[in-house]
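Reader: I would like a close look at a single part of this model, the sheet, followed outward to whatever packs on it. Please take it strand by strand and keep it plain.

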Amino acid sequence: MSKPGVLRLFPEEEYVLPGHAACPGCPIGIGLRYVLKALEGKAIVVIPACCTSIVAGPFPRSAFKVPVLHIAFAAAAATASGILEALEAKGITDVHVVVWAGDGGTVDIGIQALSGAAERGHNIIYICYDNEAYMNTGIQRSGATPYGAWTTTTVTGKREHKKDVPAIMVAHRIPYVATASVGFPVDLYNKVKKASMMKGLKYIHLHAPCPVGWRFPSEKTIEVARLAVETGMWVLYEVVYGKFKLTGPSARLLDKKQRKPIGEYLRLQERFRKLSEQDVKELQDFVDSQWEYITKMLER
Ligand SMILES: Cc1ncc(C[n+]2csc(CCOP(=O)(O)OP(=O)(O)O)c2C)c(N)n1
Ligand code: SF4
Ligand SMILES: [Mg+2]
């Protein structure tokens, strides 16, 4: 029987197998599923300490149908560089070396190894799935946690804004930088496919709403992910050899009037429950300044 809608676009083969240990509604299973489909399972995946280390299941079993290397927090991109060098020395060119790391393992702890691998131009696909906190150890704030969000280390709401790591990666002048969302799998799939056809370090920052840490019902992961994009809180774009382009629904949101109010996104999540009107304005101003940056990037 043929599959409905967009599902027909994706290859049948599954690489994230039933029986994995993710929480209900977890964005990891959703995101990694499409990433591995786009790579047709031809990948060695490096995973630093994060929720995915648990989702994979206890050794020697694994819910991922690709070779996986679980590695220390700070070392993911450096490990991927080493694997790549070894593969090249052996003349093996038909497998992608992929880092799949959390936001803590990317924007805070892994950033120096990532920057080094980018500077060396290593042929790696680096994907940061961003659930905006250190979820695996009990929801501590990271540099990717947005302003105002409750975490167990920001009980009255975080006072700093989210660190813009995709922009930092653009400054490395690597061939490909993209943002993506688990709410828009076709966009994600196409970006991973495109990255897989380019040489050098490719960086994809994947927005990944976590029902446990963000405090929303587990059946609403996709709704929350889509609202992040539709309100302009999360912007879908790609930068190919320095050329910036909006993608998916973000392409029609340059005009502020087309964006939904951010309240529609915030309201669904308990982590934003205590925001004052002033906090919402602070966040809205930040979102607007992000769009001003994007407008400048499009004009370059
Ligand atoms: C050097 C080091 N410090 C701390 C830890 C504990 N630790 C394991 S997973 C994790 C959280 C990772 O957060 P993130 O990268 O955002 O991934 P997530 O758990 O959110 O999926 C922490 C702090 C560790 N394993 N190694
Ligand atoms: S805490 Fe969040 S990211 Fe971690 S496994 Fe559960 S739903 Fe997934
Ligand atoms: Mg995280």
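Author: A180 has L206 as its bridge partner in β6. That pair belongs to the ladder between strand β5 (residues 176-181) and strand β6 (residues 202-207), where six bridges join strands that run parallel. The model is a predicted one, and what follows describes that prediction.

On its other side, β5 is joined to strand β7 (residues 237-240) by three bridges, and here the two strands run antiparallel. Y176 stands opposite V240 of β7 in this pairing. V240 also looks the other way, to β8, where its bridge partner is K243. Four bridges join β7 to β8, and these two strands are again antiparallel. The hairpin that they form has two residues between the strands, and Y241 takes a positive phi near 45° there.

These pairings are part of an open sheet of eight strands with mixed pairing, ordered β2-β1-β3-β4-β6-β5-β7-β8. Its edges are β2 (68-71) and β8 (243-246), each of which pairs on one side only. From one strand to the next, the twist averages 20°. As for the side chains, in a regular strand they alternate between the two faces of the sheet.

Next come the helices that lie on the sheet. Helix α1 (residues 27-38) packs on it and touches β1 (43-48), β3 (96-102), β4 (125-130) and β6. The direction of α1 makes about 160° with that of β4. Helix α3 (residues 76-89) lies across β1, β2, β3 and β4, and runs at about 170° to β3.

Each of these helices also has a helix neighbour. Two packed helices are described by the angle between their axes and the distance between the axes. For α1 and helix α7 (residues 185-196), the angle is about 40° and the axes are 8 Å apart. The angle lies between the limits of 35 degrees for roughly parallel and 65 for roughly perpendicular, so α1 is oblique to α7. Their crossing is right-handed. On the α1 side the contact is made by G31, Y34, V35, K37 and A38, and on the α7 side by P185, L188, Y189, V192, K193 and S196. By class, seven of these residues are nonpolar, two polar and two charged.

For α3 the neighbour is helix α5 (residues 111-120): the two axes come within 7 Å and cross at roughly 35°. A76, A77, A78, A80 and S81 of α3 meet A113, L114, G116, A117 and R120 of α5. This contact has seven nonpolar, two polar and one charged residues.

Two ligands complete the description. Around ligand 1 there are 14 residues, the closest being C50, C51, G102, G104 and N136. That shell has six nonpolar, seven polar and one charged residues. Ligand 2 is surrounded by A22, C23, C26, I28, C51, V55, N131, M135, C210, P211, V212 and G213. Helices α2 (51-55) and α8 (211-214) each supply at least two residues of this second shell, and α8 gives the most, with three. The shell around ligand 2 divides into ten nonpolar, two polar and no charged residues.

Methods:
Residues numbered from 1 in each chain as written. Chains lettered and ligands numbered in written order. Predicted model: local features only at pLDDT ≥ 70, side-chain atom pairs only at ≥ 80, totals over all residues. Pairing = 2+ DSSP bridges. Axes fitted to C-alpha atoms, helices over the stretch in contact; angles between N-to-C directions. Contact = placed C-beta atoms within 7 Å. Nonpolar A, V, L, I, M, F, W, Y, C, P; charged D, E, K, R; others polar. Near = placed C-beta within 6 Å. Parallel < 35°, antiparallel > 145°, perpendicular 65-115°, else oblique. Left-handed = near helix turned anticlockwise from the far one by under 90°.
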